[in-house]
Amino acid sequence: MTSKLKVNLINDSGDNNLITSDGSGSVTLGAAFPAVGKVGQMVTTTFTGTESTSVLASAGNFTDSSVTATLTPTATSSKILVLASVNTGASSNGDGAHIGRFKQAISGGSTTSVFVGAAAGSRIQSSSGRGNAIFDNATNVLLTFNFVLTPSTTSAVTITYQFAARGGGSGTAYINVTANDSNVNENQAIPSAITLLEILA
């Protein structure tokens, strides 16, 4: 003999909804069953302006760019998936190059560099590095990033792309523009973007 239990709602002792069915096979889980692994929210920022810096990464100096976005996690267990595309340029004179890294700033808390290489002697800890052999004054290089952070907070988390010229000598690093930004159709107007996705865990 087959037994069958038919319900459309299961509540706990505090009358909180645990499972709700609409009668057609579709089930909604309550707050006690978070959608682990799913995207809770998404924030995206597109930067279409241009920026430059001549600070040297070797001195520990990086310039905050406008490629930045802020997300407030709904739970301390949430992770943040960072997706970024940055159009970079650099002068080809001297030691010109473009070096980038990311900064995580938690509202009311700490500010740290994230997604950088391990400390190794006098090497610069960065998320990317491009030597002057790759650039000339009319070249852009698109850098793409994807990485996951675990900020363990429900405060606002701001992720910012920072950039600098190379470690020694001189030069200028650019975003969304070439060193030779003459008004000709061989040069382009290009964007950069960053997207933050809260991954429920």
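Buried means under 20% relative accessible area, exposed means over 50%, and partly exposed covers the range in between. The exercises below use this scale on a predicted model.

**Exercise 1. Decide whether Ser91 is buried, partly exposed or exposed, and find what its side chain reaches.**

Step 1. Place the residue. Ser91 sits in the loop between β7 and β8 (98-106).

Step 2. Apply the scale. The relative accessible area of Ser91 is 5%, so Ser91 is buried.

Step 3. Look for a partner. The Ser91 side chain comes to 3.0 Å from the backbone nitrogen of Thr172.

**Exercise 2. Do the same for Ser52, then list what Ser52 touches.**

Step 1. Place the residue. Ser52 belongs to strand β5 (residues 51-53).

Step 2. Apply the scale. A relative accessible area of 45% lies between the two cut-offs, so Ser52 is partly exposed.

Step 3. List the contacts. Leaving out residues up to four places away in sequence, Ser52 touches Phe163, Thr172, Ala173 and Tyr174.

Step 4. Check one distance. Ser52 and Ser65 are 13 residues apart along the chain, and their C-alpha atoms are separated by 8.8 Å.

**Exercise 3. Describe the overall make-up of the protein: which elements does it have, and how much of it is buried?**

Step 1. Count the elements. There are 0 helices and 14 strands. Read from the N terminus, the order is β-β-β-β-β-β-β-β-β-β-β-β-β-β.

Step 2. Turn to burial. Of the 201 residues, 34% are buried.

Step 3. Turn to the surface. The protein exposes about 10,800 Å², and carbon and sulfur atoms supply 49% of that area.

Step 4. Check the range of the contacts. Among contacts with a separation of 6 or more, 78% join residues 24 or more positions apart.

**Exercise 4. Find the strands that pair with β14, and give the sense of each pairing.**

Step 1. Start with β14 itself. This strand covers residues 192-199 and is mostly covered, with 6 of its 8 residues buried.

Step 2. Take β4 (residues 39-47). Strands β4 and β14 run antiparallel and are joined by 8 bridges. Thr46 stands opposite Ala193 of β14.

Step 3. Take β7 (residues 79-90). Its pairing with β14 is also antiparallel, over 7 bridges. Here Leu83 has Thr195 as its bridge partner in β14.

**Exercise 5. Work out which residues and elements build the largest nonpolar core.**

Step 1. Get the size. The largest nonpolar core has 24 residues. Those with the most contacts inside it are Val82, Phe102, Phe145, Ile159, Tyr161, Ile194 and Leu196.

Step 2. Name the contributors. Two or more residues each come from β6, β7, β8, β11 (141-149), β12 (157-164), β13 (173-175) and β14. Strand β11 gives the most, with 5 residues.

Step 3. Zoom in on Ile194. Not counting residues up to four places away in sequence, Ile194 touches a set of residues including Val43, Val67, Val82, Leu83, Phe102 and Ile159.

**Exercise 6. Locate the salt bridge and say why it ties together parts that are apart in sequence.**

Step 1. Count. The protein has 1 salt bridge.

Step 2. Name the partners. Asp64 pairs with Lys103, and their closest N and O atoms are 2.8 Å apart.

Step 3. Explain the link. Asp64 lies in strand β6 (residues 63-71) and Lys103 in strand β8, so the pair ties together parts that are 39 residues apart in sequence.

Step 4. Apply the scale once more. Asp64 has a relative accessible area of 37%, so Asp64 is partly exposed.

Methods
Residues numbered from 1 in each chain as written. Predicted model: local features only at pLDDT ≥ 70, side-chain atom pairs only at ≥ 80, totals over all residues. Heavy atoms only, no water. Helix = DSSP H or I, 4+ residues; strand = E, 2+ residues; numbered from the N terminus. Buried < 20%, exposed > 50% of the residue type's maximum accessible area, 1.4 Å probe, protein only. Contact = heavy atoms within 4.5 Å. Pairing = 2+ DSSP bridges. Areas by Shrake-Rupley, 256 points an atom, 1.4 Å probe, with all protein chains shown as cover. Polar contact = N/O pair within 3.5 Å; in protein donor to acceptor, adjacent residues only side chain to side chain. Salt bridge = Lys/Arg side-chain N within 4 Å of Asp/Glu carboxyl O. Core = buried A, V, L, I, M, F, W, Y, C linked by side-chain atoms within 4.5 Å.
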